[in-house]
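Colleague: I am new to this structure and would like to learn how to read it. Could you take me through some features, with the general idea first and then the case here?

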Number of protein chains: 2
Amino acid sequence: VTAETQLGPGAEFDAIRALLERWGPLAVGIGDDAATLAVPRGEQLVASVDAAVEGRHFRRGWLSPREIGYRATAAALSDLAAMAASPVGILVSLVVPDSWRGELLEIADGIGEAARISSVPIRGGNMAGGEALSLTTSVFGSVFTPLLRSGAKPGDRVYVTGSVGGSIHALRAMEQGEAASRWRERFAHPIPRLREARWLAEQGATAAIDVSDGLIGDARHLAAASGACITLDAANIPCVDGVEVTDALASGEEYELLVTSASPIDADAFASRFALPLTEIGRVERGTSGDVRVIGARVANVAGHDHFSR
Amino acid sequence: VTAETQLGPGAEFDAIRALLERWGPLAVGIGDDAATLAVPRGEQLVASVDAAVEGRHFRRGWLSPREIGYRATAAALSDLAAMAASPVGILVSLVVPDSWRGELLEIADGIGEAARISSVPIRGGNMAGGEALSLTTSVFGSVFTPLLRSGAKPGDRVYVTGSVGGSIHALRAMEQGEAASRWRERFAHPIPRLREARWLAEQGATAAIDVSDGLIGDARHLAAASGACITLDAANIPCVDGVEVTDALASGEEYELLVTSASPIDADAFASRFALPLTEIGRVERGTSGDVRVIGARVANVAGHDHFSR
């Protein structure tokens with residue numbers, strides 16, 4: 001059954017048909033009230049949802065329509081990476097104002113790009129009009145043993161993938177109208193660390209979270225869930241070129257992974273496998289649950305990224 | 001681990017903590033990047049997403065905050081009913097403008113009510129600020145054999161649960177400022193027909209869809225997916241008291257079920273079991289795929305409900 005024949009007439013369904021045509025084989029089994037998903041025998045299903053809202057997570061002009069679609073989808077998939085899950089499907093719920101209708105297929109191309117690089121089919125969705133563009137992406141993955149926030153133990157080493165700090169600088173530049181800042185790509189094109197997360201879980205990682213609220217904010221979430229505290233060493237934070245460590249610690253929406261491990265992880269093996277650094281940046285310790293201390297930086301007032309207080 | 005200790009500080013997380021406290025035991029295992037869901041061995045997972053957007057699907061003042069939360073969640077769960085699936089979890093993604101923050105817990109109560117009557121836990125979510133209130137609900141269910149839109153065959157009987165037409169009248173009344181119309185409850189408090197759907201599937205139903213775009217619009221979807229046409233008999237449409245059949249045929253967001261079956265279904269048994277009528281309203285026939293004819297009513301211009309053209 002093709003998309004042409006699955007839905008009745010109407011402007012909403014014409015738009016959905018246009019999306020399905022654009023996605024081609026990336027969109028699988030669309031057309032029923034719900035999508036049917038297969039989870040490999042013995043594995044658990046994990047599910048998460050993430051929203052990207054115009055005026056809150058991005059502004060028109062900051063990102064191209066394609067980048068808006070890509071970034072929203074990649075950010076949602078990053079939550080599966082944090083669980084070390086393999087993606088099995090995504091649902092895309094779009095609120096598309098009339099003023100954005102002309103860009104719908106470009107947005108779809110970005111969603112498709114993120115799905116393609118993550119090898120995950122688009123399994124359904126929903127579309128409505130509204131005042132502001134928003135993309136709400138539900139993601140499903142499967143995993144034998146999910147990597148949780150709560151698995152860290154005192155004594156564990158703390159690692160971060162890649163480098164951080166580019167997103168906050170890109171945001172500042174864009175807020176000042178400097179669309180082509182050197183950090184722009186870090187904001188516009190995050191890569192969900194899906195394969196990296198599965199490898200880290202295989203190496204014995206005990207807990208993980210993706211850096212969406214900022215390294216300190218997310219370290220707090222992980223520490224709180226694990227009933228421990230975390231000490232980070234400012235000198236070891238892998239900052240994006242030209243970014244100060246205090247900014248790197250606060251920068252949200254980086255979508256790198258913060259992971260803990262009882263035994264050392266071979267960072268060279270990680271780097272050669274994924275062409276990405278893996279850096280030991282601190283330790284899990286006994287102490288007040290949820291506390292994060294940073295050695296070597298004045299960060300008393302560094303708050304995590306917080307959409308409501310932005 | 002309680003909600004108190006799972007998340008770090010911040011206004012967004014305070015709001016999430018307040019929601020979790022309000023939901024109590026209805027919210028299960030929240031606090032990781034993704035929720036882990038169990039699907040009974042041998043069953044398939046089905047997933048769907050639905051959005052309710054202020055100014056598009058509802059207006060402030062039409063519904064109480066509690067009703068807004070209830071209705072958005074019930075509408076999403078109705079998609080699982082259409083697949084004859086048993087709900088296993090929901091994810092709630094909220095965009096909450098500052099002007100709605102004071103009503104957040106009442107909205108949560110409505111979401112909780114819909115979850116409670118459907119016996120489904122709230123397994124996660126997401127919250128952000130924005131210009132208009134929106135609720136995007138992802139629902140997951142499990143089912144041994146999903147009931148699809150595509151299973152109808154020529155000769156099948158067509159049934160509808162309950163009665164239809166109240167929603168369109170309630171909408172008209174509310175648009176004219178008559179908040180307390182006699183049909184209001186039909187709009188504000190739809191019941192997802194979850195148990196009914198499973199029973200109908202056990203009785204041999206061949207295809208189903210929930211009535212969200214209007215009886216004619218949804219019959220077209222089902223007919224198109226099944227490669228058949230459908231003839232409805234206007235005289236048999238179970239209209240809500242005081243509603244004309246042409247309105248009943250066009251009324252969207254009813255969340256009743258349109259089902260097909262090769263053999264007759266015992267409507268008396270259905271009615272006594274669920275205290276709800278089940279009515280035979282037409283036949284699946286050979287013909288142009290997706291065509292819907294109505295005998296005994298002038299409905300040439302009856303369009304399905306369409307969010308984009310409203």
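Colleague: Let's start with helix packing. Which hand does the crossing of H3(B) and H4(B) have?

Modeller: Two packed helices are described by the angle between their axes and the distance between those axes. In this predicted model, the crossing of H3(B) and H4(B) is right-handed. Their axes come within 6 Å and cross at roughly 35 degrees.

Colleague: Which residues of H3(B) and H4(B) meet there?

Modeller: From H3(B) come Pro65(B), Arg66(B), Gly69(B), Tyr70(B), Thr73(B), Ala74(B) and Leu77(B). On the H4(B) side, they meet Glu106(B), Ile107(B), Asp109(B), Gly110(B), Ile111(B), Glu113(B), Ala114(B) and Ile117(B). A general point helps with such lists: an α-helix has 3.6 residues a turn, so residues three or four places apart point the same way.

Colleague: And how do H2(B) and H4(B) pack?

Modeller: H2(B), residues 11–23, and H4(B), residues 104–117, pack at an angle of about 45 degrees, with 10 Å between their axes. The two helices are therefore oblique to each other. This crossing is right-handed. H2(B) contributes Ala15(B), Ala18(B), Leu19(B), Arg22(B) and Trp23(B) to the contact, while the residues from H4(B) include Leu104(B), Leu105(B) and Ala108(B).

Colleague: Let's stay with H4(B). What span should its 14 residues have?

Modeller: At 1.5 Å a residue, H4(B) should span 20 Å, and its end C-alpha atoms are 20 Å apart, which agrees. Among its buried residues are Leu104(B), Ile107(B), Ile111(B) and Glu113(B). The buried residues of H4(B) pack against H2, H3 and the strands E3, E4 and E5 of chain B. Just after the helix, Ser119(B) takes a positive phi of about 55 degrees.

Colleague: How should I read a positive phi?

Modeller: Most residues other than glycine have a negative phi. Ala84(A) has a positive one, near 60 degrees. Ala84(A) lies in the loop between H3 and strand E3 of chain A. With a relative accessibility of 6%, Ala84(A) counts as buried, since the cut-off for that is under 20%.

Colleague: What is the phi of Tyr255(A), and where is this residue placed?

Modeller: Tyr255(A) is not a glycine, yet its phi is positive, at about 60 degrees. Its place is in the loop between helix H9 and strand E9 of chain A. Tyr255(A) is buried, with a relative accessible area of 6%.

Colleague: Back to the helix before Ala84(A). How many residues of H3(A) are buried?

Modeller: H3(A) is mostly covered, with 17 of its 18 residues buried. From first C-alpha to last, this helix reaches 26 Å, close to the 26 Å expected at 1.5 Å a residue.

Colleague: What about Glu196(A): is this residue buried or exposed?

Modeller: Glu196(A) counts as buried, at 6% relative accessibility. The residue is found in helix H7 of chain A. Leaving aside residues up to four places away in sequence, Glu196(A) touches Phe270(A), Phe274(A) and Leu276(A).

Colleague: To finish, what rotation superposes chain B on chain A?

Modeller: A rotation of 180 degrees does it, with 0.0 Å of shift along the axis and an RMSD of 0.0 Å. The two copies are thus related as by a two-fold rotation axis. The same surface serves both copies, as 100% of the contact residues of chain B recur in chain A.

Notes
Residues are numbered from 1 along each chain as its sequence is written. Chains are lettered from A and ligands numbered from 1 in the order in which they are written. This is a predicted model: local features need pLDDT of at least 70, side-chain atom pairs count only at pLDDT 80 or more; totals for chains, interfaces and linings use all residues. Side-chain values use heavy atoms; hydrogens and water are left out. Helices (H or I, at least four residues) and strands (E, at least two) are DSSP runs, numbered from the N terminus. The expected span of a helix is 1.5 Å times one less than its number of residues. Buried means under 20% relative accessible area, exposed over 50%, partly exposed in between (1.4 Å probe, protein chains only). Copies are superposed by least squares on the C-alpha atoms of residues with pLDDT of at least 70 in both. Contact means heavy atoms within 4.5 Å. Axes are lines fitted to C-alpha atoms, for helices over the stretch in contact, and angles run from 0 to 180 degrees between N-to-C directions. Angles under 35 degrees count as roughly parallel, over 145 as roughly antiparallel, 65 to 115 as roughly perpendicular and the rest as oblique. A crossing is left-handed if the near helix is turned anticlockwise from the far one by less than a right angle, and right-handed if clockwise.
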